[in-house]
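This report describes selected features of one protein model for a reader who has not seen it before. Please look over the sequence and the structure before reading on.

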Amino acid sequence: MTPKERWRAALKRKGLDRLPTDYWGTGEMTGKLLTALGVADEEGIWKALSIDRMHWVGGTLHDPHAATRGGADIWGLRYRDVEHAGGAGSYAEAVNFPLAAATSVADIESYPWPDPGWWTFEGVRASCEAQAVWPVQGGSYEPFYQYCYLRGMERAMEDLVESPEIVEAALDRIFAYSYAVIEGTLKAAGGGVDFVYVAEDFGTQESLLVSRDMFRRFFAPRMRKIIELAHRHGAFAFHHDDGAIRSLIPDLLDCGIDILNPVQWRCRGMDRAGLKAEFGSRLTFHGAMDNQITLPFGTPEEVRREVRENALLLGGGGGYILAPCHNLQVITPVENVIAMYDEVHRL
């Protein structure tokens with residue numbers, strides 16, 4: 001089977017030659033694998049380890065104001081690299097919050113929001129055809145993540161209670177932009193896109209960041225429209241949501257999600273057998289290889305054991321794509337990564 005066929009078979013609970021797999025890793029971790037495997041590029045990693053890596057396609061952004069933004073992106077955000085792991089890696093973190101001072105809907109409406117008309121999509125179909133054997137993602141939507149960057153995390157959380165009208169106004173703008181770009185991508189792809197990325201981060205290690213009532217008010221209506229758009233174009237909704245989100249899963253299913261990532265099973269309420277028993281008939285699970293303890297700090301045999309556990313607890317009857325719970329960090333031993341993908345072929 002091709003990687004695309006393997007993913008689709010898992011989603012449709014059809015016969016598989018083996019578990020499908022995916023890869024998420026930081027640039028530094030990917031660089032370690034390139035060196036260890038002696039391959040020239042990322043495609044070499046996927047082939048060397050037989051990874052069914054999801055590939056991305058998208059249009060081209062033509063920002064008419066790029067030269068005058070002073071280093072900011074189309075949302076007005078600036079970033080700096082913050083080192084971690086003793087300088088072995090870094091993440092880009094926002095250093096400004098352009099909407100932090102907004103106090104009214106008028107302030108939101110007057111902000112210079114990006115224009116989806118800046119995108120063109122001529123090369124999307126060709127990209128899909130060039131990657132025909134791979135599962136293809138086209139388009140992404142992560143509105144509250146974007147809102148938190150624009151407003152600042154603390155203020156954004158307060159807004160849900162104190163300034164709901166500001167939240168609604170900003171989310172409307174983020175939604176309209178995202179919907180237009182995703183729609184342009186899907187139309188240009190002509191059925192070549194398999195998945196639309198529809199994400200949030202509503203979970204901590206212990207519970208939800210927002211109540212279910214807040215989810216239903218602020219996020220569900222727009223998420224549902226994005227997912228309906230994906231489904232109309234024959235694509236699945238790939239939903240990323242970190243942490244302890246079990247109580248939110250029924251609402252996410254009502255919105256139409258097809259795949260749940262990352263399945264952080266060490267978080268409260270996210271036990272694998274329970275998730276499979278309650279939601280496995282309606283959801284395909286993606287991830288579940290623990291990236292907090294097992295992969296960075298376990299032994300290769302402990303990694304292999306977790307692969308077998310996941311295959312048994314989440315993969316029975318299909319509906320499971322094995323991958324790290326999140327980006328593999330640079331402290332992860334290469335031997336553990338190799339063991340993870342190798343064990344899939346021993347099942």
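How much space lies in the largest pocket? The structure is a predicted model, and its largest pocket holds about 1300 Å³ of space. The lining of this pocket is made up of 40 residues, and those closest to the pocket centre are Gln137, Ser140, Glu142, Tyr145 and Tyr197.

Several elements contribute to the lining of the largest pocket. At least two residues each come from strand 1 (55–57), strand 4 (89–94), strand 6 (136–141), helix 6 (143–151), helix 8 (164–189) and strand 8 (236–240). Helix 8 gives the most, with 6 residues.

The second largest pocket has a volume of about 210 Å³. Its lining consists of Phe97, Phe144, Tyr145, Cys148, Tyr149, Met153, Glu200, Asp201 and Leu209. Here the largest share comes from helix 6, which provides 4 residues.

The table sets out the two pockets by volume and by the class of their lining residues.

| Pocket | Volume | Nonpolar lining | Polar lining | Charged lining |
|---|---|---|---|---|
| Largest pocket | about 1300 Å³ | 22 residues | 12 residues | 6 residues |
| Second largest pocket | about 210 Å³ | 7 residues | no residues | 2 residues |

Helix 6 and helix 8, both of which supply residues to the lining of the largest pocket, also meet one another. Their axes come within 10 Å and cross at roughly 115°, and the crossing is right-handed. On the helix 6 side the contact is formed by Pro143, Phe144, Gln146, Tyr147, Leu150 and Arg151, while helix 8 brings Ile166, Val167, Ala170, Leu171 and Ile174. Sorted by class, this contact has 9 nonpolar, 1 polar and 1 charged residues. Phe144 takes part in the contact with helix 8 and also lines the second largest pocket.

Strand 4, another contributor to the lining of the largest pocket, belongs to a hairpin with strand 3. In which sense do strand 3 and strand 4 pair? Strand 3, residues 79–84, and strand 4 are antiparallel, and 6 bridges link them. Within this pairing, Glu83 is opposite Ser90 of strand 4. The hairpin has 4 residues between the strands, and Ala85 adopts a positive phi near 55°. In a regular strand, side chains point alternately to one face of the sheet and to the other.

Methods:
Residues numbered from 1 in each chain as written. Predicted model: local features only at pLDDT ≥ 70, side-chain atom pairs only at ≥ 80, totals over all residues. Heavy atoms only, no water. 1 Å grid on protein atoms, 1.4 Å probe; cavity = no way out; pocket = protein on both sides within 12 Å on 5 of 7 lines; lining within 4 Å. Points joined across faces, edges and corners; volume = space filled by probe spheres on them. Nonpolar A, V, L, I, M, F, W, Y, C, P; charged D, E, K, R; others polar. Axes fitted to C-alpha atoms, helices over the stretch in contact; angles between N-to-C directions. Left-handed = near helix turned anticlockwise from the far one by under 90°. Contact = heavy atoms within 4.5 Å. Pairing = 2+ DSSP bridges.
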